[in-house]
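Here is a short tour for anyone who likes to check a model by looking inside it. Have the viewer ready, and we will go from an enclosed space to the packing around it.

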Amino acid sequence: MNEFINRGTGLLLIDVTNSNPNGDPDRESDPRIRQDGCGEISPVSFKRKLRDLVEAKDSPLWQELAEELDLPKEGFDIMESKKTRRADVNKLSLQELLNKYWDVRVFGSTFLENDKNENESFIASGVVQFGLGVSLDPIRIERMTTTKVMPVEEGKSKGMAPLAYRIVSYGLYAMPFFVNATAAHKTQCTKKDIELLLRLIPHVYKETASYIRSQVDIRYAFYVEHNRARGTYNDFRIIEALTPKRITGMSGPATSWHDYDEAALMQSLDELNVKLIGKTAPVIDLMEQL
């Protein structure tokens, strides 16, 4: 590990309007939903988008960030990629693996669980862990049939996909994430690796938008860096203070961001920053660093 890493605590507030933030393959790609009616976004889907941004080396985003952060040309490949061949990875020593793949250093990997010998144990857990994104209130799912001019079936004048457009009318999702400095010793994750991650987060949905995810974006990306590796303040208290509340008297599915008390959230943020003095850096909003 080249540089010392402190513990970090983050909370993403993901705003979803008329979009499907994460389809459920067990429910014909319906937006993921819990038994209580709240929506879900899996950590895997979020990390996939981060990996895609790092892998797109010819994109303006990567080229700009690489220059701003003075990133070396080597060491930022993605192992969890369609381009990766297991046979090629198996030829690498553990050190070569860590030197080559950014996502292994940051997220860990079970890719080599059964392939490395006992002297080179696989990296089971990484430095950064994203939690499950859960909507703060129940969501409504809308379904509609889509059509296209070009037919997809023989003898048809046009193509139809019955009830294939499945979207959340509105939902505000909270996704916590954590930087575990203890794991950095094993994965050799550097401070620059984490800095890249934090700079990529605001662009995750903007740069990977699609037909079904046209209005998904991060409204706030709160992040707190602790003053030492093992942490200096309770993660849960940070997350609770940064989680918005509904405007008094409102209940049921939210219809827009304006159903939440933003003024109360900002007051809670100010009060939290006072409590964090001498223990952590002030709370920052990564969205202010686009």
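The second largest cavity is lined by S135, L136, D137, P138, I139, Y170, G171, L172, A254 and Y260. Keep in mind that this is a predicted model. Two strands, β6 (133-138) and β8 (159-179), each bring at least two residues to that lining, and β6 gives the most, with 4 residues. In character, the lining of this cavity splits into 7 nonpolar residues, 2 polar ones and 1 charged one. The space in the second largest cavity is about 30 Å³, and the count of cavities of 30 Å³ or more comes to 2.

Now for the protein as a whole. Some overall values are collected here.

| Property | Value |
|---|---|
| Secondary structure | 9 helices and 10 strands |
| Buried share of the 290 residues | 48% |
| Exposed area | about 15,400 Å² |
| Carbon and sulfur share of the exposed area | 49% |

Sequence separation is worth a look too: among contacts between residues at least 6 apart in sequence, 74% join residues at least 24 apart.

Which residues touch the most other members of the largest nonpolar core? They are I14, F46, W102, F130, L196 and I201, out of 47 residues in that core. I201 makes a good starting point for browsing: leaving aside residues up to four places away in sequence, I201 touches L12, F46, L50, F130, F177, I218, A221 and L286. There is also a second, separate core of 21 residues, with V224, I238, A241 and L276 among them.

Helix α7 (residues 191-200) is mostly covered, with 7 of its 10 residues buried. The buried residues of α7 are D193, I194, L196, L197, L198, R199 and L200. L196 is also one of the residues that touch the most other members of the largest core.

Finally, turn to helix α8 (residues 235-241), where I239 is found. Why does I239 count as buried? Its relative accessibility is 16%, and the cut-off for buried is under 20%. Not counting residues up to four places away in sequence, I239 touches T9, L11, P176 and F178. One of these partners shows how the chain comes back on itself in space: I239 and L11 are 228 residues apart along the chain, yet their C-alpha atoms are separated by 6.4 Å.

Key: Residues are numbered from 1 along each chain as its sequence is written. This is a predicted model: local features need pLDDT of at least 70, side-chain atom pairs count only at pLDDT 80 or more; totals for chains, interfaces and linings use all residues. Side-chain values use heavy atoms; hydrogens and water are left out. On a 1 Å grid over the protein atoms alone, a cavity is a set of points where a 1.4 Å probe fits but cannot get out, and a pocket is an open set with protein on both sides within 12 Å along at least five of seven lines; lining residues have an atom within 4 Å of a point. Grid points are joined across faces, edges and corners, and a volume is the space filled by probe spheres set on the points. Ala, Val, Leu, Ile, Met, Phe, Trp, Tyr, Cys and Pro count as nonpolar, Asp, Glu, Lys and Arg as charged, and the others, Gly among them, as polar. Buried means under 20% relative accessible area, exposed over 50%, partly exposed in between (1.4 Å probe, protein chains only). A nonpolar core is a set of buried Ala, Val, Leu, Ile, Met, Phe, Trp, Tyr and Cys residues joined through side-chain atoms within 4.5 Å. Contact means heavy atoms within 4.5 Å. Accessible areas come from the Shrake-Rupley method with a 1.4 Å probe; for residues, only the protein chains shown count as cover.
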